[in-house]
Amino acid sequence: MVGSDENCQGVIRPSNQQRGMGHNRRALSTINGNIVEAPQYPRKVHKKDSSIDKSVDGDKNPIHRPITRKYAAQIDGKQQQPTLQVTKPPVQKAPSRNELVEGPIIIDVEDYKATSDYVVPMSVQHTEAMMEEIDRMDEEIEMEDVEETLIVDIDSADKKDTLAVVEYIDDIHAYYKKIESSSSAPPNYMEQQFDINERMRAILIDWLIEVHYKFELMEETLYLTINLIDRFLAVQPVVRKQLQLVGVTAMLLACKYEEVSVPVVQDLVLISDKAYTEKEVLEMEKLMINTLQFKLSVPTAYVFMKRFLKAAQSDKKVELLSFFMTELCLVEYETLRFPPSMLAAAAIFTAQCTLGVTKEWTKTCEKYSNYTRDQLLECSKLMVTFHQKAATGRLTGVHRKYSISKYGFVAKFPPASSLLETRFF
C-alpha cells in the first residue's frame, strides 16, 4: 500500500506529539510496515456519512475523527431510526459537535398516526385543528363568492348615460332610505282629527286617482299628492267640507313640483263641481305650503319602485301590476304603517307571485331594496287581500283604471291567493 494522503483514509496516524518526540525521522520501510488496513463494513454509507466526522469548533476548523468500530455502530444506529415527516420552521442555531442537521425537519402526520402506538403529540393535534379551520374558512369564502356572482350590477349598462347618474345613484337612494320615515305621515294621525275619518280619506284618494288619470298627469304627481295630504292632515285639523279642497290643492302643489304643464286653478275648480272658488284654492295653497314648511322634496313609493323594478329585471306586465298593487295601498289608511320603500318592494314581489314569475326574492333585489322575502310577506299578504276585493264595493277607481288595455288589463289577473298560505320563517 502506498502511503499517500489520498489513499490512506483508514490509516491510524501518529499524533502531533508523537511526531514531535525527537528530531530523528524513521525510514519509510519502517512506517509502511506499521500500516494497518481499516476494517470493511458490509453496508452502504450515504454521502452525508463520510469516514470523517466534520463539525465546527471554536476556530471554525474541521476536526478529523477516525472511524472506529464503536463510532461506526453509532452512525449505523442513527441511520436506522425512523424519520417522522412534519414541516417545521428551521431553527437558527449552530450545529452541535456530534450532529449535523441540514434543512427543515418534516413529519408526516398520517404516517405517524398509522405506524405509532403512542398518543399523537399536541403539535400534531394543533396542526389538524388548524387545517380544519382553514378548510372551513375556504368554504365560507367560496359561499361568499357564489352569493356575489348571483348579484347583478344593474347600473353597469347605464354608465355612459349622464341622466342615470350612476356615480351617485346608490348614495341618492341611501339618503332616500334614511329620510323616508321622517318624510311620511304618522300611521295613527287620524286620531287627532275630530270631523273626518279613514273612510273619508279613502273616498277622497279614490276620486283623486280618477282626476289624475283624466288630466293625464305623471305618476310622480299622484304619489306626491297623497304624501302632501297625509302630512298636512297629520298636523292641521280639517272639517269634512274642506277635505276635498285639501285634495285638489295638494294636487295643484304636486303639479307645480313635478309637471311641465300645470293645470290651471280654474280646471281644478271645475273638476270639483265648483264646490270651491279660485280664491279658496289659493288660500288653502298658502296654508298648506306654510304648514309643510315648503318641504316638497320627499321620497315616495314611486322613486323606490323605479329602482326596485330595475333590480328585479321586470317586464312590462310585472311593472304595471306592481303599480296597481301600490295604488291600492294608497287608498288604504292602514298601509301608512309601512315605509314607502317596503310598499314598493312588496308590490313587486306580490306582482311576481301573481304572474307566477317566481315566489322568491332574488339576491339582487334583496341587495338593492335592503329587504328580505320574510320582511315583505306581511305587506304582500295585505296587498293580496286588497286585490281580492278591488272590484267590489264603492271604491273601485283603481281597479277600473287598470282594467283597460293601456294598463294591460292587469287588474283582471287572479290574485295570488297561495301567498296567503305562506308562513313566516
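A residue counts as buried here when its relative accessible area is under 20%. By that yardstick, 15 of the 16 residues of helix α14 are buried, so α14 is largely enclosed by the rest of the structure. Keep in mind that this is a predicted model. Overall, the protein has 17 helices and zero strands, and buried residues make up 36% of its 425 residues.

**The whole protein**

- Take the contacts with a separation of 6 or more: 74% of them link residues 24 or more positions apart.
- The protein exposes about 27300 Å², and carbon and sulfur atoms supply 54% of that area.

**Helix α14, the enclosed one**

- Helix α14 covers residues 340-355, which makes 16 residues.
- From first C-alpha to last, α14 reaches 23 Å, close to the 22 Å expected at 1.5 Å a residue.
- Right after α14 comes G356, with a positive phi near 75°.

**Helix α16, bent and partly covered**

- Helix α16 runs over residues 373-388 and has 16 residues. Its span from first C-alpha to last is 22 Å, close to the expected 22 Å.
- Where does α16 bend? At C379, by about 30°.
- C379 is also one of the buried residues of α16. Others in that set include R373, L376, L377, S380 and K381, and further along L382, M383, V384, F386 and H387 are buried too.
- As a general point, an α-helix has 3.6 residues a turn, so residues three or four places apart point the same way.
- What covers the buried residues of α16? The cover includes α13 (316-331) and α14.

**How α13 and α16 pack**

- Packed helix pairs are described by the angle between their axes and the distance between the axes.
- For α13 and α16 the angle is about 85°, and the axes are 10 Å apart.
- Angles of 65 to 115 degrees count as roughly perpendicular, and α13 and α16 are therefore roughly perpendicular to each other.
- On the α13 side, the contact is made by F324, M325, L328 and C329; on the α16 side, by M383, F386 and H387.
- M383, F386 and H387 are also among the buried residues of α16.

**Loop residues with positive phi**

- Most residues other than glycine have a negative phi, which makes the next two residues worth a look.
- E216 has a phi near 55°, a positive value in a residue other than glycine. E216 sits in the loop between α7 (198-214) and α8 (219-233).
- Is E216 buried or exposed? E216 is exposed, because its relative accessible area is 67% and the cut-off for exposed is over 50%.
- N370 is another residue other than glycine with a positive phi, near 65°. N370 lies in the loop between α15 (363-369) and α16.
- N370 counts as exposed as well, with a relative accessible area of 52%.

**H173 and R307, a contact between α6 and α12**

- H173 belongs to helix α6 (residues 169-179), and R307 belongs to helix α12 (residues 301-311).
- H173 is buried, at a relative accessible area of 15%.
- R307 is buried too, at 7%.
- Which residues does H173 touch, leaving aside its neighbours within four places in sequence? H173 is in contact with V303, F304 and R307.
- With the same kind of neighbours left out, R307 is in contact with I154, D155, I169, D170, H173 and Y368.

**I229 in helix α8**

- I229 is found in helix α8 and counts as buried, with 1% relative accessibility.
- Leaving aside its neighbours within four places in sequence, I229 is in contact with L204, L208, V246, G247 and A250.
- I229 and V248 are 19 residues apart in sequence, and their C-alpha atoms are 9.6 Å apart in space.

**R400 in helix α17**

- R400 is placed in helix α17, which takes in residues 397-401.
- How exposed is R400? Partly: R400 has a relative accessible area of 43%, which puts R400 between the 20% limit for buried and the 50% limit for exposed.
- R400 and A411 are eleven residues apart in sequence and 7.9 Å apart in space, C-alpha to C-alpha.

Notes:
Residues are numbered from 1 along each chain as its sequence is written. This is a predicted model: local features need pLDDT of at least 70, side-chain atom pairs count only at pLDDT 80 or more; totals for chains, interfaces and linings use all residues. Side-chain values use heavy atoms; hydrogens and water are left out. Helices (H or I, at least four residues) and strands (E, at least two) are DSSP runs, numbered from the N terminus. Buried means under 20% relative accessible area, exposed over 50%, partly exposed in between (1.4 Å probe, protein chains only). The expected span of a helix is 1.5 Å times one less than its number of residues. The bend at a residue is the angle between axes fitted to the seven residues ending there and the seven starting there. Contact means heavy atoms within 4.5 Å. Accessible areas come from the Shrake-Rupley method with a 1.4 Å probe; for residues, only the protein chains shown count as cover. Axes are lines fitted to C-alpha atoms, for helices over the stretch in contact, and angles run from 0 to 180 degrees between N-to-C directions. Angles under 35 degrees count as roughly parallel, over 145 as roughly antiparallel, 65 to 115 as roughly perpendicular and the rest as oblique.
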